[in-house]
Amino acid sequence: MAFFLPLAPIHHHSSSLFTRFILSPKPKTLTTLSSLTATTLQDFTHPEQTHLQVPQDKLFIPPDTQILSETPPRILKGSNIVLSKYAKDAQVISADFVKSSVETEACPSDGSPEFALVGRSNVGKSSLLNSIVRRKKLALTSKKPGKTQCINHFRINDSWYLVDLPGYGYASAPNELRKDWNKFTKDYFLNRSTLVSVFLLIDASIPAKKIDLEYASWLGQNQVPMTIIFTKCDKRKKKKNGGKHPEENVQDFQDLISEYFEAVPPWIMTSSVTNQGRDEILLHMAQLRNYWLKH
């Protein structure tokens, strides 16, 4: 597909949002985060959730995070993301479909911050969106990949947007139509000034796919802010059949992309079946959004 570039070392410019959110230099010492309310951190325990041990040098530390070396940072469960003072107002109170667009210029123009969800056509993107907002049918789900064919904007709390983008990879649509999807999706990534971060969905129940690695590399090369969302983390393959557990596939994917990034992108393990990662995604969005609004 012409949309993707081959994997290659990535060069960055310090002025980009990508640099501020993902490639900002790591502080030499970890510090204590500003206190967060109990309600902000509640409902974080998922009995079925598997935890990965994340080395300190693999943590994503948000910008403008006040730190003291004596106290370890608070890290979102099932992720490598440190909580910052901007992680507030994370609850979803309202969610409404606004419009579908086939070009960036036709997207909502009110200037509100937005987060775009993208992934392979059968990665569970619509199910995750529904899980995030606790609505079963906000985004249509289908057993047929390629259901989403436009840039779909959903307004959250009347103040920011979740954006559902066409899936890449195979889809039950003519080749020419898929090329059009890739063209306007690429244009959206490069020219949408209100885009805070792309949430790239990766299926953690299977080994890494080349097309996912290429997509992550393309976003990095073009300095598009990115968070990796690992989906289907409730699915556990039987070892005797050669399958790997989700946490193993998560680690493998990170190892494969590590040489192409100067710093580790933020990532979260999720499941639309168990709602694992829902609160973590909302808190991560909140701290990126609130920092974006301030700066």
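## Report on a predicted model

C233 is buried, with a relative accessible area of 4%; buried means under 20% relative accessible area, exposed over 50%, and partly exposed in between, with a 1.4 Å probe and protein chains only. The structure is a predicted model, in which local features need pLDDT of at least 70, side-chain atom pairs count only at pLDDT 80 or more, and totals for chains, interfaces and linings use all residues. Residues are numbered from 1 along each chain as its sequence is written, and side-chain values use heavy atoms, with hydrogens and water left out.

**Surroundings of C233**

C233 belongs to the loop between β6 and α6 (246-257). Helices (H or I, at least four residues) and strands (E, at least two) are DSSP runs, numbered from the N terminus. If neighbours within four places in sequence are set aside, C233 is in contact with A204, P246, M269, T270, S271 and Q276, where contact means heavy atoms within 4.5 Å. A distance of 9.6 Å separates the C-alpha atoms of C233 and G277, which are 44 residues apart along the chain.

**The sheet**

Strands of a sheet pair through backbone hydrogen bonds, either parallel or antiparallel. Here, seven strands form an open sheet in the order β1-β3-β4-β2-β5-β6-β7, with mixed pairing; two strands pair if DSSP finds at least two bridges between them. The edges are held by β1 (95-101) and β7 (267-269), each with a single partner strand, so one side of each has no neighbour in the sheet. On average, neighbouring strands of this sheet are turned by 25 degrees against each other, direction ignored. Strands β2 (residues 114-119) and β4 (residues 160-164) run parallel and are joined by four bridges. In this pair, F115 stands opposite L162 in β4.

Helix α3 packs on the sheet and touches β1, β2, β3 (151-156), β4, β5 (195-203) and β6 (226-231). The direction of α3 makes about 155 degrees with that of β4. Axes are lines fitted to C-alpha atoms, for helices over the stretch in contact, and angles run from 0 to 180 degrees between N-to-C directions.

**Helices**

The axes of α3 (residues 125-133) and α7 (residues 278-294) come within 9 Å and cross at roughly 80 degrees. The two helices are therefore roughly perpendicular to each other, a term for angles of 65 to 115 degrees. The contact is made by L128, S131, I132 and V133 of α3 and by R278, I281 and L282 of α7.

Helix α5 (residues 210-221) has 12 residues and reaches 16 Å from its first C-alpha to its last, close to the 16 Å expected at 1.5 Å a residue; the expected span is 1.5 Å times one less than the number of residues. Of the 12 residues of α5, 10 are buried, including W218 and L219.

**Positive phi angles**

Most residues other than glycine have a negative phi. The table lists residues with a positive value.

| Residue | Phi | Place |
|---|---|---|
| D64 | about 55 degrees | loop between α2 (38-41) and β1 |
| Q223 | about 55 degrees | just after α5 |
| N275 | near 70 degrees | loop between β7 and α7 |

D64 counts as partly exposed, at 28% relative accessibility. N275 is partly exposed as well, with a relative accessible area of 27%.

Conventions:
Angles under 35 degrees count as roughly parallel, over 145 as roughly antiparallel, 65 to 115 as roughly perpendicular and the rest as oblique.
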